[in-house]
Amino acid sequence: MNKIIGAAVLSGLLCGSALAENRIDQIRPDAPALAAHGDLPIGVRTLEVSNPGQIDILNTEADKPVPRYDRPLALEIWYPAAEGTVEGGTYNDVFLRDGVTRVQLQGKAARDASPAKPDKAYPLVIISHGYPGNRFLMSHLGENLATKGYVAVSIDHTESTYDNKAAFGSTLVNRSLDQTFVLNEIDRMSKEEGNFLNGLVDASDTGLVGYSMGGYGAVITAGGGVTQASTEYTWGAPAGTLQVHLAGSDSHEALVDPRIKAAVAFGPWGMNTGFWDAKGLEGVRIPMFFIAGSDDDVSGYENGTKAIFEGTRNVERYLLTFANANHNAGAPMPSPAEGWQPSEHIDFVPFEHYADAVWDNVRMNNVSQHFITAFLGEYLKGDNEMAPFLDLIENSGDGVHAMEEDGTTPKAEHNYWAGFPARTAKGLSLMHKDAGQ
């Protein structure tokens with residue numbers, strides 16, 4: 001009994017230490033195989049960019065000239081670094097959910113490290129947060145992907161961040177526009193002599209990852225035009241400005257970019273409030289990987305993410321479901337330690353913004369990292385060795401783990417989820433449909 005208590009205390013101390021350090025790079029011992037970090041050292045840089053001549057949604061009024069402004073965006077860029085780069089670094093002055101408290105995060109990336117000089121440029125992955133959020137909300141994923149040979153770029157969406165939250169209409173209109181602008185900027189910089197991205201990233205081979213409103217943007221960017229009704233909501237985008245994304249419109253068609261080859265959408269918002277119908281979802285034209293909680297009360301599940309999965313009929317797609325999880329399934333980093341305490345600036349404990357009532361954040365992050373590694377590996381890198389990690393029986397709990405005495409050779413009846421250690425593929429399902437289904 002004393003040994004058990006001692007082990008529990010030690011475990012608690014270790015977990016407490018990771019929490020106090022606000023680490024974003026945790027991999028649990030029971031994580032599925034592809035969740036682990038890759039072999040590449042990584043760096044991280046922050047860039048400020050500006051998209052000129054954009055509609056100023058916050059100051060747009062009906063029957064008045066459309067105001068425009070240069071829209072600023074902050075980017076966090078993770079990338080494979082030069083050989084010999086020392087692992088580890090901090091992210092300073094990161095805003096907590098209350099938009100006031102500043103915290104420090106710790107991870108693997110070395111700040112401003114020299115980039116690698118690969119023989120072949122790495123694929124690009126654009127990461128897009130929710131409303132509100134910030135570019136660090138999925139920093140664990142950005143670091144993880146960079147160690148595996150991607151350049152990951154996470155956007156601070158102006159007027160949609162913790163410290164810059166403004167009218168929802170700006171997010172509705174700008175989310176997808178921000179994603180494609182960042183693609184163009186990274187592509188431009190990758191061809192610019194002397195830029196650290198030159199020769200490092202191949203923007204013609206791009207994946208997109210979005211959470212909540214970032215997932216909403218990802219569906220639009222992938223080709224899912226919105227309904228006429230959604231462009232007219234009084235609480236939505238003002239003065240018909242959302243019509244830029246209207247299904248079947250020339251403006252929406254022009255947004256779809258062949259450089260984006262695949263997309264991941266965590267709990268994409270909008271289906272449950274009428275932003276898509278069958279016609280709009282028919283426009284999605286790249287492979288999609290959806291991730292959701294079965295109890296999502298923000299984006300909805302049956303009438304939300306699962307309905308989008310069912311409706312994007314013209315592409316191959318997947319739906320990973322965390323049983324009984326809510327809207328935070330799989331995407332947000334664990335709450336910083338400072339978020340465990342109430343804040344006078346919001347009417348809930350910031351911890352709630354990151355956490356789930358049923359699932360552990362690190363566990364969900366690890367599962368998501370595993371499947372995103374497999375999905376992007378297959379659809380961006382053409383790695384056929386990733387296919388077995390996606391070709392699974394639908395319900396993880398129905399899997400049979402049966403090995404020969406050597407412990408490595410599967411018996412005929414073995415159909416356990418590939419990459420998951422015995423007794424760990426629980427509470428999950430993975431649906432798969434081919435194009436046309």
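Buried here means under 20% relative accessible area. Keep that cut-off in mind as you go round this predicted model.

**Stop 1: helix α2**

Select residues 139-146, which make up helix α2. How many of the eight residues of this helix are buried? Eight of the eight are, so α2 is largely enclosed by the rest of the structure. Click along the helix and you will pass the buried residues S139, H140, L141, G142, E143, N144, L145 and A146.

**Stop 2: α2 against α9**

Keep α2 on screen and add helix α9, residues 361-379. Two packed helices are described by the angle between their axes and the distance between the axes. For α2 and α9 the angle is about 45°, and the axes lie 11 Å apart. The two helices are therefore oblique to each other, and α2 passes α9 in a right-handed crossing.

Now show side chains at the contact. From α2, pick H140, L141, N144 and L145; across from them in α9 are N365, Q369, I372, T373 and L376. What classes of residue make up this contact? Four are nonpolar, five are polar and none is charged. A reminder for viewing: an α-helix has 3.6 residues a turn, so residues three or four places apart point the same way.

**Stop 3: I27, in a loop**

Stay in this region and select I27, which sits in the loop between α1 (2-21) and β1 (42-55). Is I27 buried, partly exposed or exposed? Its relative accessibility is 32%, so I27 counts as partly exposed.

Show the surroundings of I27 and, setting aside residues up to four places away in sequence, you will find A35, A36, H37, N144, N366 and Q369 touching it. You have already met N144 in α2 and Q369 in α9. Try a distance label between the C-alpha atoms of I27 and N366: they are 6.5 Å apart, although 339 residues separate the two along the chain.

**Stop 4: α3 with α4**

Next, bring up helix α3 (residues 168-190) together with helix α4 (residues 213-221). Their axes are 9 Å apart and meet at an angle of about 55°, so α3 and α4 are oblique to each other. Look at the handedness too: α3 passes α4 in a right-handed crossing.

On the α3 side of the contact, select F168, T171, L172, R175, S176, Q179 and T180; on the α4 side, take M213, G214, Y216, G217, A218, I220 and T221. Colour them by class and you should get six nonpolar, seven polar and one charged.

**Stop 5: E76, in a strand**

Move to strand β2, residues 68-80, and select E76. What is its relative accessible area? The value is 0%, so E76 is buried. Add T46 and look between the side chains: a polar contact of 2.8 Å joins E76 and T46.

Then widen the selection around E76. Leaving out neighbours within four places in sequence, its contacts are V44, R45, T46, Y91, R111, R135, F136, A152, V153 and S154.

**Stop 6: T321, in another strand**

For the last stop, select T321 in strand β11, which spans residues 317-322. T321 has 5% relative accessibility and therefore counts as buried. Which residue shares a 2.7 Å polar contact with the side chain of T321? The partner is Y301, also through its side chain.

Finish by showing what else surrounds T321. Beyond neighbours within four places in sequence, the residues in contact with T321 are A292, G293, S294, Y301, G427, L428 and S429.

Notes:
Residues numbered from 1 in each chain as written. Predicted model: local features only at pLDDT ≥ 70, side-chain atom pairs only at ≥ 80, totals over all residues. Heavy atoms only, no water. Buried < 20%, exposed > 50% of the residue type's maximum accessible area, 1.4 Å probe, protein only. Helix = DSSP H or I, 4+ residues; strand = E, 2+ residues; numbered from the N terminus. Polar contact = N/O pair within 3.5 Å; in protein donor to acceptor, adjacent residues only side chain to side chain. Contact = heavy atoms within 4.5 Å. Axes fitted to C-alpha atoms, helices over the stretch in contact; angles between N-to-C directions. Parallel < 35°, antiparallel > 145°, perpendicular 65-115°, else oblique. Left-handed = near helix turned anticlockwise from the far one by under 90°. Nonpolar A, V, L, I, M, F, W, Y, C, P; charged D, E, K, R; others polar.
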